[in-house]
Amino acid sequence: MSKKVYCLAQFQPKPGQQDKLFKLLQSLEPNSQREDGCLQYLVTRHIPSPFAEGESFPIIFNEIWQDMASFEAHCQRQEIQQFFETQCVAEDGMVEKWNVCVYSDEPADFDAPVLD
């Protein structure tokens with residue numbers, strides 16, 4: 001059974017804050033990538049393409065964690081909590097809206113083998 005957790009953390013910056021917010025989010029990458037359960041932690045920005053015309057927040061973290069415990073431990077790190085408190089929740093933060101979701105690659109009815 002796969003225990004991997006996939007996270008998409010999306011950010012809508014306040015007007016004029018996109019480049020500054022992107023750089024701040026990049027600064028979170030090195031310490032997060034050091035975490036034992038981190039398989040991928042990469043901030044990306046939306047770019048136009050005629051073959052991908054969907055709607056999206058302009059900045060998205062693409063994360064893969066070895067399991068839910070690793071993801072939840074990451075979310076409790078002081079550096080991560082401080083980012084959300086100062087940039088998302090605070091009135092004077094750079095983030096207008098955010099959306100963080102986690103996903104599994106397993107179907108709901110996956111017939112997982114039982115390992116001893």
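W98 lies in strand β4, and this tryptophan is a friendly place to begin. The model is predicted, so local features need pLDDT of at least 70 and side-chain atom pairs count only at pLDDT 80 or more, while totals for chains, interfaces and linings use all residues. Residues are numbered from 1 along each chain as its sequence is written, and side-chain values use heavy atoms, with hydrogens and water left out.

**Exercise: a tryptophan at the surface**

Work out how W98 is classed by accessibility and which residues join it in a nonpolar patch.

Solution.
- Start with the classes: a residue is buried under 20% relative accessible area, exposed over 50%, and partly exposed in between (1.4 Å probe, protein chains only).
- W98 has 37% relative accessibility, so it counts as partly exposed.
- Patches take residues with over 30% relative accessible area and no salt bridge; like charges are joined within 9 Å, and nonpolar side chains (Val, Leu, Ile, Met, Phe, Trp, Tyr) within 5 Å.
- V89, W98 and V100 make up such a nonpolar patch, with about 270 Å² of accessible area together. Accessible areas come from the Shrake-Rupley method with a 1.4 Å probe, and for residues only the protein chains shown count as cover.

**Exercise: the overall layout**

List the helices and strands in chain order, then describe the extent of the C-alpha trace and the surface.

Solution.
- Helices are DSSP runs of H or I with at least four residues and strands are runs of E with at least two, both numbered from the N terminus.
- By that rule there are four helices and four strands, in the order β-α-α-β-β-α-α-β from the N terminus on.
- The C-alpha trace spans about 55 × 40 × 20 Å along its principal axes.
- The protein has 116 residues, and 30% of them count as buried.
- About 7,900 Å² is exposed, 51% of it supplied by carbon and sulfur atoms.

**Exercise: strand β3 and its partners**

Which strands pair with β3, and why is β3 largely enclosed?

Solution.
- Two strands pair if DSSP finds at least two bridges between them.
- β1 (residues 5-13) pairs with β3 in the antiparallel sense over seven bridges. β2 (residues 38-45) is also antiparallel to β3, joined to it by seven bridges.
- Now look at W65 in β3: it is the bridge partner of V5, and C38 stands opposite it.
- Six of the seven residues of β3 (residues 59-65) are buried, so the strand is largely enclosed by the rest of the structure.

**Exercise: helices with two faces**

For α1 and α4, find the buried residues and decide how they are arranged around each axis.

Solution.
- A useful reminder: an α-helix has 3.6 residues a turn, so residues three or four places apart point the same way.
- In α1 (residues 18-26), the buried residues include L21, F22 and L25. These cover an arc of only 100 degrees around the axis, which puts them on the same side of α1. The arc is that of the directions from the helix axis to the C-beta atoms.
- D19, K20 and K23 are exposed on the other side of α1.
- Contact means heavy atoms within 4.5 Å. The buried residues of α1 pack against β1, α2 (29-34), β2, β3, α4 (78-89) and β4 (95-103).
- In α4, I80, F83, Q87 and C88 are buried. Their arc is only 85 degrees, which puts them on the same side of α4.
- Q78, E85 and V89 are exposed on the face of α4 turned away from the buried side.
- The buried residues of α4 pack against β1, α1, α2, β2, α3 and β4.

**Exercise: charges around R77**

How many salt bridges are there, and which residues are linked in a network?

Solution.
- A salt bridge needs a side-chain nitrogen of Lys or Arg within 4 Å of a carboxyl oxygen of Asp or Glu; the count is two.
- R77 meets E35 at 3.1 Å, N to O. This pair links distant parts of the chain: R77 sits in the loop between α3 and α4, E35 in the loop between α2 and β2, 42 residues apart.
- R77 also forms a salt bridge with E79, with the closest N and O atoms 2.5 Å apart.
- E35, R77 and E79 are therefore linked in a network of salt bridges.
- E35 is buried at 15% relative accessible area, whereas E79, at 23%, counts as partly exposed.

**Exercise: a serine and its contacts**

Is S70 buried or exposed, and which residues does it contact beyond its sequence neighbours?

Solution.
- S70 is found in helix α3 (residues 68-75).
- Its relative accessibility is 12%, so S70 counts as buried.
- Leaving aside neighbours within four places in sequence, S70 is in contact with E35, G37 and W65.
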